[in-house]
Number of protein chains: 2
Amino acid sequence: MIRMIRYDQKYGTKKILKTMVTKSDITKRQEQLLEELNKYEDELSGQELHRQLIESGKLMGLSTVYRNLQILIKQGLIRSRHLPTGEVLYTPVDRDFHHLTCVQCGETSKMEGCPIKDIHTPKENTRKFQLLFHQLEYFGLCQNCYQAQN
Amino acid sequence: MIRMIRYDQKYGTKKILKTMVTKSDITKRQEQLLEELNKYEDELSGQELHRQLIESGKLMGLSTVYRNLQILIKQGLIRSRHLPTGEVLYTPVDRDFHHLTCVQCGETSKMEGCPIKDIHTPKENTRKFQLLFHQLEYFGLCQNCYQAQN
DNA sequence: CATCAAAATGAAAATGAAAATCATTTCTGT
DNA sequence: ACAGAAATGATTTTCATTTTCATTTTGATG
Ligand SMILES: [Mn+2]
Ligand SMILES: [Mn+2]
Ligand SMILES: [Zn+2]
Ligand SMILES: [Zn+2]
């Protein structure tokens with residue numbers, strides 16, 4: 001939060017001329033969420049995060065967790081991805097990794113490195129977009145499941 | 001389904017020696033699902049697909065729709081992606097496009113062309129994987145929402 | 001410090017897509 | 001035709017997420 005304040009010589013008072021909310025404007029709750037997400041190497045679901053917060057003594061209602069996760073996404077501070085099961089996982093936006101997932105058994109392995117790290121994202125598409133993050137996931141059959149299929 | 005059949009001269013009977021189930025082994029239901037998905041340029045959710053099938057006179061229970069969509073995915077014939085809302089959209093696997101999605105209003109625009117079309121997917125990761133499809137989505141703020149935020 | 005309005009919170013209820021159940025139907029090989 | 005196996009679908013269940021709304025917190029102002 002940035003405030004532009006004018007001092008009134010006549011009355012010796014101060015007046016807020018303008019209030020600018022910047023991207024770095026994080027509430028206490030949001031800070032707690034971010035802090036908790038950073039504590040774990042893995043992504044966390046909303047439910048897991050809620051549980052962990054309580055264990056850490058940071059009491060917080062479930063609605064508040066979900067509400068503020070959405071805000072953090074819109075602020076470009078975290079990103080989310082859906083598991084095939086429907087759960088949504090959250091992670092700080094600066095962690096750039098992706099996964100291989102078996103469509104049969106759900107086994108997931110993290111890929112180190114991002115294949116599109118230095119790929120040009122088509123300009124004609126992104127011109128109008130304030131890009132926040134990307135999601136890239138590969139799906140297929142793990143060795144076990146591939147063999148079992150025959 | 002491929003059958004190897006031996007004719008027994010002695011008894012005048014036929015015997016199935018071996019049955020090979022191949023990838024192209026599609027049941028009638030699965031064929032109907034694939035056919036219906038191909039009818040629409042856009043991806044369809046399970047619910048939408050179910051509705052469309054009924055309208056097309058291809059009566060089918062909802063369970064059967066979901067069951068066979070999963071099988072089609074495992075066979076490498078269709079792929080799926082989750083909307084931020086949680087709905088899952090299905091589309092034939094050979095359609096290679098991706099989306100930009102606004103994290104604020106949900107507006108989605110299709111990107112023509114695939115940025116990773118000819119990118120090498122890290123070998124050390126995919127060696128053990130029978131790759132079926134990939135998912136790539138960009139998230140950010142559309143022009144409207146970006147401006148409205150300030 | 002007191003006041004008041006606006007914003008945030010959270011307990012509880014509602015939502016809804018997807019999964020599970022299970023009685024019934026269809027298929028398949030002999 | 002017969003018997004076991006597989007598939008189907010009406011229905012119920014699940015459960016992560018959203019919505020509701022009464023209460024609490026915040027923050028500007030005098
Ligand atoms: Mn990446
Ligand atoms: Mn692609
Ligand atoms: Zn597997
Ligand atoms: Zn938008």
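In this predicted model, a polar side-chain atom of A:R67 sits 2.6 Å from a base nitrogen of DNA strand C. A:S63 joins in at a base too: an N or O atom in its side chain is 2.8 Å from a base nitrogen of DNA strand C. From the other chain, a polar backbone atom of B:V88 comes to 3.1 Å from a phosphate oxygen of that strand. Two elements give two or more residues to the surface near DNA strand C, namely α3 (62-74) of chain A and α3 (62-74) of chain B. The biggest share comes from α3(A), which supplies four residues.

Let's widen the view around DNA strand C. Of its 14 surrounding residues, those that come nearest are A:R29, A:S63, A:T64, A:R67 and B:Y66. On the DNA side, 68% of the strand C atoms that come within 4 Å of the protein belong to sugar and phosphate. Sorted by class, the surface near this strand holds three nonpolar, seven polar and four charged residues.

Now to DNA strand D. Which residues come nearest to it? They are A:Y66, B:R29, B:S63, B:T64 and B:R67, out of 14 around the strand. Sugar or phosphate accounts for 62% of the strand D atoms within 4 Å of the protein, and bases make up the rest. Here are some polar contacts to phosphate oxygens of DNA strand D:

| Protein atom | Partner | Distance |
|---|---|---|
| B:R29, side-chain N or O | phosphate oxygen, DNA strand D | 2.6 Å |
| A:V88, backbone N or O | phosphate oxygen, DNA strand D | 3.1 Å |
| A:Q70, polar side-chain atom | phosphate oxygen, DNA strand D | 3.3 Å |

As for elements that give two or more residues to the surface near DNA strand D, these are α3 of chain A and α3 of chain B. The residues of this surface divide into four nonpolar, seven polar and three charged.

Finally, a look at how α3(B) packs within its own chain. Helix α1 (residues 28-39) of chain B meets α3(B) at an angle of about 85 degrees, and their axes are 10 Å apart. Because angles of 65 to 115 degrees count as roughly perpendicular, α1(B) is roughly perpendicular to α3(B). On the α1(B) side, the contact is made by B:R29, B:Q30, B:L33, B:L34 and B:L37. From α3(B) come B:T64, B:V65, B:N68, B:L69, B:I71 and B:L72. By class, the contact of α1(B) with α3(B) has seven nonpolar residues, three polar and one charged. Two of the residues in this contact, B:R29 and B:T64, are also among those that come nearest to DNA strand D.

Definitions and conventions. Residues are numbered from 1 along each chain as its sequence is written. Chains are lettered from A and ligands numbered from 1 in the order in which they are written. This is a predicted model: local features need pLDDT of at least 70, side-chain atom pairs count only at pLDDT 80 or more; totals for chains, interfaces and linings use all residues. Side-chain values use heavy atoms; hydrogens and water are left out. A residue is near a molecule or strand if one of its heavy atoms lies within 4 Å of it. A polar contact is a pair of N or O atoms within 3.5 Å; within protein, one must be able to donate a hydrogen and the other to accept it, and residues adjacent in sequence count only if both atoms are side-chain atoms. Ala, Val, Leu, Ile, Met, Phe, Trp, Tyr, Cys and Pro count as nonpolar, Asp, Glu, Lys and Arg as charged, and the others, Gly among them, as polar. Axes are lines fitted to C-alpha atoms, for helices over the stretch in contact, and angles run from 0 to 180 degrees between N-to-C directions. Angles under 35 degrees count as roughly parallel, over 145 as roughly antiparallel, 65 to 115 as roughly perpendicular and the rest as oblique. Contact means heavy atoms within 4.5 Å.
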